Amino acid sequence: MTHPLFDEARKYIVGGVNSPVRAFSGVGGEPLFVESAQGSRIHASDGRAYIDYVGSWGPMIGGHSRPEVIEAVQRAASRGLSFGAPTEVETDMARRICEIVPSIERVRMVNSGTEATMTAIRLARGYTGRDRVVKFEGNYHGHSDSLLVKAGSGALTLGEPNSPGVPAALAELTMTLNYNDLDSVRQAFEEKGDEIACIIVEPVAGNMNCIPPVPGFLQGLKDICEEYGAVLIFDEVMTGFRLAPGGAQEWSGVTPHITTLGKIVGGGMPVGALGGQREIMEHLSPMGPVYQAGTLSGNPLGMAAGLAMMDIISEAGFHQRLEASTRKLCEGLKEAAEAAGVPMQINQVPGMFGVFFTEDSPIETFAQVSACDLDRFKRFFHGMLEQGIYLAPSAFEAGFLSSAHTDEDIDSTVDAARTVLAEI
Ligand code: PMP
């Protein structure tokens, strides 16, 4: 079967996509091309509407094409697209972030999650005067060199590049440990604690499906960082404003020294941010020596969209409703799997969920995720797509709900899952 839009795209765009997971390489087949999206639905070039659980990979927490967001962008656009000089709306955004996110006292706006994490680790290195970075296998923090690193042969030895083009000399400075395994972190700090600048962690992992932290994991990371004078970075690009208004740090009660944000903070525009304790943040240029800059940073359209999205997530009961619909969906999927006799586990936090085709439970580690039945996931994904349900096209990505998903949407999704699970 040929897909004319994809065929044409592949003539000019590398692989036909501008970000690899869109190519359906994890599930096979060819991607949907989207024409428009409204509320919980995306409208594809095949003429069908799909209930969308990707939500642009997170930003669309209030549903697609929210009039408040679109109108805010239109109003901003009518005043000019970019000035490269300060605007009041940037202060409005920064004030809002400081008010909502518990640990943030000062903010720097950037243009993507990748930039936010890249800057955060440079800042942590500059602040501590140390070079090593600790991260976790299965966590994703964007595609900057120091973070595209996997564990070397011994977990506590040198990191290895995850991609050609990442210099081994740089990768060596990144230690990749096991998520939810505090002992490996303690051991790493016992060996190299005075060289470690920071730990960067997804406080709920959403890039190896959906893996919440086990009790004590996040607090343990904080304690270790404080003991050794290292900086704790929560990468809340996915979880920020989603799990609770103040993100995973409000949800878990553990506050990091630096937080990185993306996705929802731009309401669908290319925006990222980092923020944290004033004392650390003021090491950034122009106040401090750690260099960072951006031609389009704090762009007025991005700020307008993000602020409109902040208003939406700040509505009373927003996250309680999101949590309730996540629970309803997950309970429905679980029952559907049981009825079909398919071994399936589900992890969930407010607004995020993941299904795992395995008998193993609970799912807390990357090794467990990797051991799931990935072929069954592919059949599930394509079966659901056929039924009009658009799930993340990878067994290693979390699903996202928005406030636009109605009870009827969830009932339709569960009905579709009943049909599909009986066939796979
Ligand atoms: N951190 C996390 C936790 C992410 O999920 C992502 C993107 N999925 C990034 C960083 C990178 O963000 P971006 O794609 O905006 O560069």
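**Exercise 1. Which residue takes a positive phi in the hairpin of β2 and β3?**

Solution. The model is predicted, and the exercise begins with the strands themselves. Strand β2 covers residues 41-44 and strand β3 covers residues 49-52. They pair in the antiparallel sense, over three bridges. One of the pairs joins Ile42 to Tyr50 in β3. Between the two strands of the hairpin lie four residues. Gly47 has the positive phi, near 85°.

**Exercise 2. Identify the sense in which β3 pairs with strand β15, and give the residue that stands opposite Asp52.**

Solution. Strand β15 consists of residues 389-390. Its pairing with β3 is parallel and rests on two bridges, whereas β3 pairs with β2 in the antiparallel sense. Opposite Asp52 stands Tyr390 of β15.

**Exercise 3. Establish the strand order of the open sheet that contains β14, and locate the helix that packs on this sheet.**

Solution. Three strands make up the open sheet, with the order β13-β14-β16 and antiparallel pairing. The edges are β13 (345-349) and β16 (399-400), each of which pairs on one side only. Helix α11, residues 318-340, packs on the sheet and touches β13 and β14. The direction of α11 makes about 180° with that of β13. To examine the pairing of β14 with β16, take β14 as residues 352-356; the two strands are antiparallel and share two bridges. Within this part of the sheet, Phe353 stands opposite Gly399 in β16.

**Exercise 4. Describe how helices α3 and α10 pack, and classify the residues of their contact.**

Solution. The helices are α3 (residues 88-100) and α10 (residues 300-313). Their axes lie 9 Å apart, and the packing angle is about 35°. The crossing of α3 with α10 is left-handed. From α3, the contact involves Val89, Glu90, Asp92, Met93, Arg96 and Ile100. These meet Pro300, Met303, Ala304, Gly306, Leu307 and Met310 of α10. By class, the residues of this contact comprise eight nonpolar, one polar and three charged.

**Exercise 5. Characterise the shell of residues around the ligand by nearest members, class and helix of origin.**

Solution. The ligand has 16 residues around it, of which Ser112, Gly113, Thr114, Gly142 and Val237 come nearest. The classes are four nonpolar, 10 polar and two charged. Helix α4, residues 113-128, supplies the largest share of the shell, with three residues.

Conventions:
Residues are numbered from 1 along each chain as its sequence is written. This is a predicted model: local features need pLDDT of at least 70, side-chain atom pairs count only at pLDDT 80 or more; totals for chains, interfaces and linings use all residues. Two strands pair if DSSP finds at least two bridges between them. Two residues are in contact if their C-beta atoms, placed from the backbone, lie within 7 Å. Axes are lines fitted to C-alpha atoms, for helices over the stretch in contact, and angles run from 0 to 180 degrees between N-to-C directions. A residue is near a molecule or strand if its C-beta atom, placed from the backbone, lies within 6 Å of it. Ala, Val, Leu, Ile, Met, Phe, Trp, Tyr, Cys and Pro count as nonpolar, Asp, Glu, Lys and Arg as charged, and the others, Gly among them, as polar. A crossing is left-handed if the near helix is turned anticlockwise from the far one by less than a right angle, and right-handed if clockwise.
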